[in-house]
Amino acid sequence: METDKSPWNWLLLVPIVIPFCTFLYNGSDPYLFGFPRFYWLQLSFVGLGALCAGVVYRRTRKSRKR
């Protein structure tokens, strides 16, 4: 079994740790398109997770030999 010990894998901790920082979304102001901060910030965490996963995937995938 081969393991990937790339330092890029540490980037996957960002979308796990950031939502635990409750001071970021503990409130309702400001509103964005009529939604309080809690809702649009939670949705942005989904985008952050997808972005981090995409970067880690691109940086750690093995090059294919054809």
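Author: Helices are DSSP runs of H or I with at least four residues, and strands are runs of E with at least two. On that basis the chain of this predicted model has 2 helices and 0 strands.

Reader: What makes residues 14–17 count as helix α1?

Author: A helix needs at least four residues, and α1 covers residues 14–17, so the run meets that minimum. Ile16 is found in this helix.

Reader: Why is Ile16 called partly exposed?

Author: Its relative accessibility is 48%. Partly exposed lies between under 20% for buried and over 50% for exposed, so Ile16 falls in that class.

Reader: What makes Ile16 eligible for a nonpolar patch?

Author: A patch residue needs over 30% relative accessible area, and Ile16, at 48%, therefore passes that cut-off. The patch is formed by Trp10, Leu13, Ile16, Val17 and Phe20, with about 590 Å² of accessible area together.

Reader: How do you know that the span of α2 agrees with a helix?

Author: Helix α2 has 24 residues, 37–60, which at 1.5 Å a residue should span 34 Å; the end C-alpha atoms are 34 Å apart, so the two values agree.

Reader: Which residues of α2 are buried, and what do they pack against?

Author: Leu41, Phe45, Gly49, Cys52, Val56 and Thr60 are the buried residues of α2. They pack against α1. Over the whole chain of 66 residues, 14% count as buried.

Reader: Why is the pair of Phe38 and Tyr39 called edge-to-face?

Author: By the ring-centre rule there are 3 aromatic pairs. Phe38 and Tyr39 form one of them, with 5.4 Å centre to centre and 80° between the planes. Centres within 6.5 Å make a pair and planes over 60 degrees apart make it edge-to-face, so both conditions hold. Ring pairs also link Tyr25, Phe38, Tyr39 and Phe45 into a cluster.

Reader: Why do Phe38 and Tyr39 get separate accessibility labels?

Author: Phe38 has 35% relative accessibility and so counts as partly exposed. Tyr39 has 52%, and because exposed means over 50%, Tyr39 counts as exposed.

Reader: What is notable about the phi of Phe33, and is Phe33 buried or exposed?

Author: Phe33 has a positive phi of about 55° although it is not a glycine. Phe33 sits in the loop between α1 and α2. Its relative accessible area is 77%, over the 50% cut-off, so Phe33 is exposed.

Reader: How much of the accessible surface of the chain belongs to carbon and sulfur atoms?

Author: The share is 64% of about 5,900 Å².

Definitions and conventions
Residues numbered from 1 in each chain as written. Predicted model: local features only at pLDDT ≥ 70, side-chain atom pairs only at ≥ 80, totals over all residues. Heavy atoms only, no water. Patch = residues over 30% accessible without salt bridge, like charges linked within 9 Å, V, L, I, M, F, W, Y side chains within 5 Å. Areas by Shrake-Rupley, 256 points an atom, 1.4 Å probe, with all protein chains shown as cover. Salt bridge = Lys/Arg side-chain N within 4 Å of Asp/Glu carboxyl O. Buried < 20%, exposed > 50% of the residue type's maximum accessible area, 1.4 Å probe, protein only. Phe/Tyr/Trp six-rings, centres within 6.5 Å; stacked < 30°, edge-to-face > 60°. Expected span 1.5 Å × (residues − 1). Contact = heavy atoms within 4.5 Å.
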